[in-house]
Amino acid sequence: MLDPQEDRGKALRAWRACWRLSWEQLQPCLDRAATLASRRDLFFRQGLHKVRHVLEARQDLSLRPLIQAAVREGCPGPLLATLDQAGAEDPGVAARALACVADVLGCMAEGQGGLRSGPAANPEWMRPFSYLECGDLAAGVQALAQERDKWLSRPALLVRAARHYEGAGQILIRQAVMSAQHFVSMEPVELPAPGQWVVAECPARVDFSGGWSDTPPLAYELGGAVLGLAVRVDGRRPIGARVRRIPEPELWLAVGPRQDKMTTKIVCWNLEDLQDYCQPHAPGALLKAAFICAGIVHVGSKLSLREQLLHTFGGGFELHTWSELPHGSGLGTSSILAGAALAALQRAAGRVVGTEALIHAVLHLEQVLTTGGGWQDQVGGLMPGIKVGRSRAQLPLKVEVEEITVPEGFIQKLNDHLLLVYTGKTRLARNLLQDVLRSWYARLPAVVQNARSLVQHTEECTEAFRQGSLPLLGQCLTTYWEQKKRMALGCEPLAVRRMMDVLAPHVHGQSLAGAGGGGFLYLLTKESQQKEALEAVLAKTEGLGNYSVHRVEVDTQGLSLQLLANETSTCPFP
């Protein structure tokens with residue numbers, strides 16, 4: 001009919017001569033409701049098949065449009081059942097399936113019922129959590145589904161149920177990250193004498209590319225690559241810990257600045273005093289977790305703390321930790337501090353841990369502490385100089401570190417052009433982290449593409465360091481900051497944006513450290529030795545708040561560990 005020349009239009013004339021019904025005449029013959037219902041049923045049956053396939057094949061496709069459609073059409077039940085089945089069969093699929101269930105519940109709440117971020121500690125959910133903690137995935141997913149059915153009646157309950165599903169996912173992430181223990185090893189050495197201080201000191205770290213790719217689950221689902229620098233701030237290594245053995249079978253803990261005036265002091269006389277080691281905001285929680293992860297104390301033992309310490313060491317320990325950086329600096333303080341505390345404790349207990357083993361030990365400690373987090377901070381601060389850390393898309397989680405060789409004299413050149421500016425804004429990484437994890441598990445296309453770009457950009461930044469090109473490194477920083485902003489919306493406060501705009505004419509590139517949101521801004525200046533000049537520029541700008549400019553230099557030593565001669569404590573405990 002479309003080519004009348006073939007039959008001289010015969011087929012077209014025949015078609016035109018046929019008896020036909022118009023659409024208007026056909027409509028009364030159709031059951032429109034049945035037709036639409038059939039199409040809807042077919043769409044969702046195909047959709048459920050897609051859900052199983054995407055999860056089981058570990059495809060980076062977003063299921064969120066299908067989730068939203070199922071909720072809008074009033075049929076989330078079959079989708080939840082499909083997610084339950086997928087999550088119960090394969091540990092590699094389970095965490096994403098649980099995150100998808102949380103998305104379904106959040107969507108069902110229709111924006112009501114409060115914030116998705118919040119506590120997940122309702123006693124009714126502890127039974128399913130216990131199954132997951134014990135490794136019984138199928139029983140855990142089934143128990144979660146049974147409990148979920150009681151929380152579907154109103155938005156507030158739906159949101160709380162979503163929080164608990166995210167909490168269940170965190171258990172699985174924690175178990176995956178704890179596989180890093182496979183790469184923690186140590187060698188026995190002679191115990192230091194009682195009273196002899198073991199001192200660990202560390203630089204801070206600055207991330208130049210790849211941040212977020214080291215964060216679980218991205219670190220083992222996508223594979224991570226981060227380029228970082230160990231740095232001294234104003235000529236000092238700002239993070240450290242010191243430990244010594246004491247005759248009393250107790251644990252003496254001190255947290256605060258290196259000078260003792262503002263130090264918080266805690267004494268642990270029994271195991272009950274250590275029970276809050278997994279509550280990050282509890283006083284001394286990181287130090288308590290360090291004693292447990294170092295194997296010095298076993299909180300589940302039938303022996304008392306006193307008996308354990310006397311039996312193994314003939315007494316207790318005194319541990320001090322300090323940081324000269326402000327809280328929420330973005331320079332990796334807490335992870336580096338954990339590494340310093342572990343290194344000092346192990347040496348005081350008669351064991352030596354290599355730096356690469358220590359990187360994995362910090363991953364384990366932060367999961368015990370329940371703060372989570374990736375591996376870039378300890379790689380950046382415990383290992384010296386300029387390096388790239390990498391983890392492959394597999395378990396167990398292993399971090400490998402490559403030192404970057406730069407042209408002769410380039411480190412001094414970098415020191416002359418690198419500055420830190422404290423923005424006066426405290427960084428809120430935990431909220432940013434929760435948002436990023438939701439976006440990753442939802443496999444939002446923009447987030448997946450950006451995560452891949454972060455890893456690729458690390459290799460480009462590595463080449464810029466090998467060439468020793470400050471303008472190229474400035475471009476890397478500018479690109480990196482744009483990638484961070486795409487990864488975590490809201491990580492650039494208005495005051496920081498104003499500060500960056502004022503500094504832009506004077507720098508090759510700049511970025512907030514770590515996850516962003518506040519803390520330190522680091523920048524590569526076009527001219528050398530620009531601290532005073534930039535202070536003058538910022539002083540003329542209104543509304544910047546309590547900022548400060550700091551010199552920074554690459555640290556070529558990394559973690560240092562030394563034994564001091566016996567001395568009287570400068571921080572006496574009662």
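Colleague: How do the residues of the lining of the largest cavity divide by class?

Modeller: Into 4 nonpolar, 4 polar and 1 charged. Ala, Val, Leu, Ile, Met, Phe, Trp, Tyr, Cys and Pro count as nonpolar, Asp, Glu, Lys and Arg as charged, and the others, Gly among them, as polar. The lining consists of V226, L227, G228, W375, Q376, V379, G380, K387 and G389. K387 is a Lys and therefore counts as charged. This is a predicted model, in which local features need pLDDT of at least 70 and side-chain atom pairs count only at pLDDT 80 or more, while totals for chains, interfaces and linings use all residues. Residues are numbered from 1 along each chain as its sequence is written, and side-chain values use heavy atoms, with hydrogens and water left out.

Colleague: What makes this a cavity, and what would make it a pocket?

Modeller: On a 1 Å grid over the protein atoms alone, a cavity is a set of points where a 1.4 Å probe fits but cannot get out; a pocket is an open set with protein on both sides within 12 Å along at least five of seven lines, and lining residues have an atom within 4 Å of a point. Searching the whole structure gives 1 cavity of 30 Å³ or more. The largest cavity has a volume of about 40 Å³, the volume being the space filled by probe spheres set on the points, which are joined across faces, edges and corners.

Colleague: Which elements each supply at least two residues of that lining?

Modeller: β4 (224-233), α15 (376-382) and β10 (386-391). Helices (H or I, at least four residues) and strands (E, at least two) are DSSP runs, numbered from the N terminus.

Colleague: Why is the second largest pocket said to lie between domain 1 and domain 2?

Modeller: Domain 1 (35-180) and domain 2 (186-560) both contribute residues to its lining, so the pocket is placed between them. The bounds come from an automatic or database domain assignment. The pocket has a volume of about 520 Å³. Of its 23 lining residues, P91, G92, V93, Y220 and E221 are the closest to the centre. By class the lining has 14 nonpolar, 4 polar and 5 charged residues. α6 gives the largest share, 6 residues; α6 (91-108), α9 (155-177) and α10 (218-223) each supply at least two.

Colleague: How do you know that the two domains touch?

Modeller: Contact means heavy atoms within 4.5 Å. On that test, 21 residues of domain 1 are in contact with 21 residues of domain 2. The domain centres, taken over C-alpha atoms, are 33 Å apart.

Colleague: Why is α6 called roughly antiparallel to α9?

Modeller: Their packing angle is about 170 degrees, and the axes are 8 Å apart. Angles under 35 degrees count as roughly parallel, over 145 as roughly antiparallel, 65 to 115 as roughly perpendicular and the rest as oblique, so the pair is roughly antiparallel. Axes are lines fitted to C-alpha atoms, for helices over the stretch in contact, with angles from 0 to 180 degrees between N-to-C directions. The contact includes L98 and V101 of α6 and Y165 and L172 of α9. By class it has 13 nonpolar, 2 polar and 1 charged residues.

Colleague: Which residues does a cis peptide bond join in the stretch holding P217, and what is omega?

Modeller: P216 and P217, with omega about 5 degrees. P217 is in the loop between β3 (204-209) and α10.
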